[in-house]
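The following exercises are to be worked with the sequence and the coordinates at hand. Each task is followed by a solution in steps.

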Amino acid sequence: MMKTADLLALKSQHTETGLADAELSAYFAATPGWSQDGPRIVKTYQFKNYYETLAFINAIAYVIHAEDHHPELVVTYNRCLIRFDTHTVNDGKGGISVNDFICAAKVDAIFEQSFS
């Protein structure tokens, strides 16, 4: 069974192999609060105000850059919606890879440490 600690110990790497639907449930179990939205995983984080929302964006920027795996961010006054997908999988059509879950776990860890 996949655990959050397992994902936190990994580093994103270039991949052209997406996860099979049968594999997804184990990864979602290790990343509570994330869900599937078509060919991507998504989660919304809540904050007290716009300053905290932007502070979160700045806090995750380093990890996202270091992992070289960049999500789509939708930022509002007190929320940030994050969508991860991997463009290189499924013959370039995109989809969900282990990289998405690695980054999801790392973003969750930052939120838990500094914003919860």
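## Exercise 1: The sheet

The model is predicted. It contains an open sheet of four strands in the order 1-2-4-3, with antiparallel pairing.

**Task.** Determine which strands are the edge strands, and describe the twist of the sheet.

**Solution.**
Step 1. Strand 1 (35-37) and strand 3 (72-75) each pair on one side only, and these are the edge strands.
Step 2. From one strand to the next, the twist averages 30 degrees.

**Task.** Describe the pairing of strand 2 with strand 4, and identify the helix that packs on the sheet there.

**Solution.**
Step 1. Strand 2, residues 40-46, and strand 4, residues 79-84, are paired in the antiparallel sense over six bridges.
Step 2. Tyr45 has Cys80 of strand 4 as its bridge partner.
Step 3. Helix 5 (residues 98-114) packs on the sheet and touches both strand 2 and strand 4. The direction of helix 5 makes about 5 degrees with that of strand 2.

**Task.** State how strand 3 is joined to strand 4 and how the two pair.

**Solution.**
Step 1. The connection is a hairpin that runs through three residues.
Step 2. The pairing of strand 3 with strand 4 is antiparallel and extends over four bridges.
Step 3. Within strand 4, Leu81 is the bridge partner of Val74.

## Exercise 2: Aromatic pairs

**Task.** Find how many aromatic pairs the whole structure holds, and classify the pair of Phe47 and Phe115.

**Solution.**
Step 1. The search of the whole structure yields 12 aromatic pairs.
Step 2. The ring centres of Phe47 and Phe115 are 5.7 Å apart and the ring planes stand at 90 degrees, so this pair is edge-to-face.
Step 3. Phe47 belongs to the loop between strand 2 and helix 3 (50-67), whereas Phe115 belongs to the segment after helix 5; the pair therefore ties together parts 68 residues apart in sequence.
Step 4. Both Phe47 and Phe115 are buried.

**Task.** Analyse the pair of Phe56 and Phe115 by geometry and by location.

**Solution.**
Step 1. Phe56 and Phe115 are edge-to-face, with 5.7 Å centre to centre and 90 degrees between the planes.
Step 2. Because Phe56 lies in helix 3 and Phe115 in the segment after helix 5, the pair ties together parts that are 59 residues apart in sequence.
Step 3. Phe56 is buried, as is Phe115.
Step 4. One aromatic cluster is formed by Trp34, Tyr45, Phe47, Phe56, Phe84, Phe111 and Phe115.

## Exercise 3: The two sides of helix 2

**Task.** List the buried residues of helix 2 and explain why they are on the same side of helix 2.

**Solution.**
Step 1. In helix 2 (residues 21-30), the buried residues are Leu24, Tyr27, Phe28 and Ala30.
Step 2. These residues cover an arc of only 150 degrees around the axis, so they lie on the same side of helix 2.
Step 3. Ala22 and Ser25, on the other side of helix 2, are exposed.
Step 4. The cover over the buried residues of helix 2 includes helix 1 (4-8), strand 1, strand 2 and helix 5.

## Exercise 4: Ser12 in its surroundings

**Task.** Is Ser12 buried or exposed? Which residues does Ser12 touch beyond those up to four places away in sequence?

**Solution.**
Step 1. Ser12 is located in the loop between helix 1 and helix 2.
Step 2. Its relative accessibility is 9%, so Ser12 counts as buried.
Step 3. Leaving out residues up to four places away in sequence, Ser12 touches Glu67, His69, Asn99, Ile102 and Cys103.
Step 4. Ser12 and Asp68 are 7.2 Å apart, C-alpha to C-alpha, and 56 residues apart in sequence.

## Exercise 5: The nonpolar core

**Task.** Determine how many residues the largest nonpolar core has, and where its largest share comes from.

**Solution.**
Step 1. The largest nonpolar core has 29 residues. Those with the most contacts inside this core are Leu7, Trp34, Ile41, Tyr45, Phe56, Ile82 and Phe101.
Step 2. At least two residues of this core are supplied by each of helix 2, strand 2, helix 3, strand 4 and helix 5.
Step 3. Helix 5 gives the largest share of this core, eight residues.
Step 4. Among the residues that Trp34 touches are Phe28, Ile41, Tyr45, Ile82 and Ala104.

Technical notes. Residues numbered from 1 in each chain as written. Predicted model: local features only at pLDDT ≥ 70, side-chain atom pairs only at ≥ 80, totals over all residues. Heavy atoms only, no water. Pairing = 2+ DSSP bridges. Axes fitted to C-alpha atoms, helices over the stretch in contact; angles between N-to-C directions. Contact = heavy atoms within 4.5 Å. Phe/Tyr/Trp six-rings, centres within 6.5 Å; stacked < 30°, edge-to-face > 60°. Buried < 20%, exposed > 50% of the residue type's maximum accessible area, 1.4 Å probe, protein only. Arc of directions from axis to C-beta. Core = buried A, V, L, I, M, F, W, Y, C linked by side-chain atoms within 4.5 Å.
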